[in-house]
Amino acid sequence: MDGLFDQGQESVRHQPLAARMRPQSVAEMYGQEHLLGEGKLLRRVIEADRLSSMILYGPPGCGKTTLAEVIALHTKRRFVRASAVVSNVAAIREIMETARQYPDRQTILFIDEIHRFSKSQQDVLLPYVEEGTVTLIGATTHNPQVFVNTPLTSRSLVFELRSLSDEAVVALLRHALTLPVRGLGECGIVAEDEALAHIARICEGDARRALNALEIAALSTPKSADGLCHVTRSVAEESVQRKRVSYDRDEDQHYNTISAFIKSVRGSDPDAAIYWLAKMLEGGEDPRFIARRLIILASEDIGNADPRGISVAVAAMQAVEFIGMPEARITLAQATTYLATAPKSNASYLAVDAAMEDVRSGRVLEVPEKFKNIPIKSEGKEKGEDYRYPHAYEGHHVAQSYIPETRTYYVPTNQGYEDTIAKRLAFWRSR
């Protein structure tokens, strides 16, 4: 891999700021102290040049590609980059065969967005990784335990990178403002603390986006009478006008956020539930998907503790279909807060699962003759007990066995209305 400065200073100046500011050593990396701090595993592996294949997992702009390049620079290994978006099996095989021609200089194969490789493409990598032809470094924004083949993850170290903190992003921006050639140190730029803090906050730990915003602010602002370019809070706001929510509608963020939302409602925390609802809506989630999940939750986690919960959820679903966004956010918020603050019971959920397990694993019980739609009369058959019509008895209830064997599935709690149900069942069973 050619170093950044092998290209010449003039070439460097024409690169975007985010590309010029890529760290050249571990010491220049911002954030990721949990992996790269003194004595941490990944830092020890790099410094000792004891690399094994690894998967770097984390959100956009946290430094996955940068870290792979730093590793290659530090270990002086041959660096080959591939993208799962454009590379096919034939291209991967060609890279591997070429790597075999450099037995004295180990090759790092960096695959960006490795989760986009199909199973067959990932399988092609296995023999080469096992025999040590290349050291694989895969980068992904998706959970590798789900989106990367188990044989690959089992042969790799998995490191989770985190979004940079606001403090780390501000420190990076200040470094860019003072660093000559690679940064903006020769441009006479003065940035207000509030401006840098705003960029860091809006960019959500994405170093690449923050550097791009700073570059736009610096290059688009004319110099003042003092000969300096002043980046103010208002200039920064114009450079990154809208906060971008990191959210995908069919992958990790989708599943993780709806999981946090459901668990917040189940845990009776309306504030947390509303926050996750807002994140999903701002990220472009289908409001009908959220409404459907609320209907499931109303039965699974609230049930008869508040029988109105299912009515509220179904009404919300119908309203969302009818009015659409953005007004549907209000309906979803009402349903969310109602269900979050309702008494909770999963007794109905447990009851049906227990009964279904009995049906699957045991002998299926016959319907008693007296409860059949049309009782069968046959020669030699003894006359059984007749069905007793409950409404003909006091309290519209009569004791009789509706199932051949005694089974108890529904055990109501003492939460909300279910407490009333529990007392009613206890009274009937005592008669």
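## Helix α11 and the loop after it

In this predicted model, helix α11 tucks away Ala 195, Leu 196, His 198, Ile 199, Ala 200 and Ile 202 as its buried residues. What do the buried residues of α11 pack against? Their partners are α10, β6, α12, β7 (229-231) and α13 (233-239), so you can look for both helices and strands in that list.

Just past α11 comes Glu 204, and its phi is positive, near 55 degrees. Glu 204 is not a glycine, yet its phi has that positive value. To find Glu 204, look in the loop that links α11 (193-202) to α12 (207-220). Is Glu 204 buried or partly exposed? It has 39% relative accessibility, so it counts as partly exposed.

## Ala 207, on the far side of that loop

Follow the chain into helix α12 and you meet Ala 207. This alanine has a relative accessible area of 13%, which is under the 20% cut-off, so it counts as buried. Which residues does Ala 207 touch, leaving out those up to four places away in sequence? They are Gly 61, Leu 164 and Leu 172.

Ala 207 also makes a nice example of how a chain folds back on itself in space. Ala 18 is 189 residues away from it along the chain, but their C-alpha atoms are separated by 7.9 Å.

## Val 181, another positive phi

Val 181 is a second non-glycine residue to look up, with a positive phi near 65 degrees. You'll find Val 181 in the loop between α10 (166-178) and β6 (189-191). Both α10 and β6 are also among the elements that the buried residues of α11 pack against.

Val 181 has 14% relative accessibility, so it counts as buried. Glu 204, by contrast, counts as partly exposed.

## His 254 and Gln 318

His 254 sits in helix α14 (residues 252-266). With 6% relative accessibility, His 254 counts as buried.

Now pick out Gln 318 as well. How far apart are His 254 and Gln 318 in space? Going from C-alpha to C-alpha, they are 23 Å apart, with their positions 64 residues apart in sequence.

## A cis proline before α18

Next, zoom in on the peptide bond that joins Met 325 and Pro 326: it is cis, with omega at about 5 degrees. Where does Pro 326 lie? Pro 326 belongs to the loop between α17 (308-323) and α18 (328-341).

## Helix α18 and its two faces

Helix α18 is made of 14 residues and reaches 20 Å from its first C-alpha to its last, close to the 20 Å expected at 1.5 Å a residue. Its buried residues are Ala 328, Thr 331, Leu 332, Ala 335, Thr 336, Leu 339 and Ala 340. Looking down the axis of α18, you'd see these buried residues fall within an arc of 155 degrees, so they line one face of the helix. Here's the general idea: an α-helix has 3.6 residues a turn, so residues three or four places apart point the same way.

What about the face turned away from the buried side of α18? It carries the exposed residues Ile 330, Gln 334 and Thr 341.

For a close-up of the buried side, try Thr 331 in helix α18. Thr 331 has 17% relative accessibility, so it counts as buried. Setting aside residues up to four places away in sequence, Thr 331 touches Ala 316, Ala 319 and Ile 323.

## Helix α20

Helix α20 (residues 417-429) has 13 residues and reaches 19 Å from first C-alpha to last, close to the 18 Å expected at 1.5 Å a residue. Which residues of α20 are buried? They are Glu 418, Ile 421 and Leu 425. These cover an arc of only 50 degrees around the axis, which puts them on the same side of α20. The cover over those buried residues includes α19 (347-361).

## The second largest pocket

Finally, have a look at some empty space. The second largest pocket has a volume of about 610 Å³. It is lined by 18 residues, and the closest to its centre are Gln 400, Tyr 402, Ile 403, Arg 407 and Arg 429.

What kinds of residues make up the lining of this pocket? It has nine nonpolar, five polar and four charged residues.

Key: Residues numbered from 1 in each chain as written. Predicted model: local features only at pLDDT ≥ 70, side-chain atom pairs only at ≥ 80, totals over all residues. Heavy atoms only, no water. Helix = DSSP H or I, 4+ residues; strand = E, 2+ residues; numbered from the N terminus. Expected span 1.5 Å × (residues − 1). Buried < 20%, exposed > 50% of the residue type's maximum accessible area, 1.4 Å probe, protein only. Arc of directions from axis to C-beta. Contact = heavy atoms within 4.5 Å. 1 Å grid on protein atoms, 1.4 Å probe; cavity = no way out; pocket = protein on both sides within 12 Å on 5 of 7 lines; lining within 4 Å. Points joined across faces, edges and corners; volume = space filled by probe spheres on them. Nonpolar A, V, L, I, M, F, W, Y, C, P; charged D, E, K, R; others polar.
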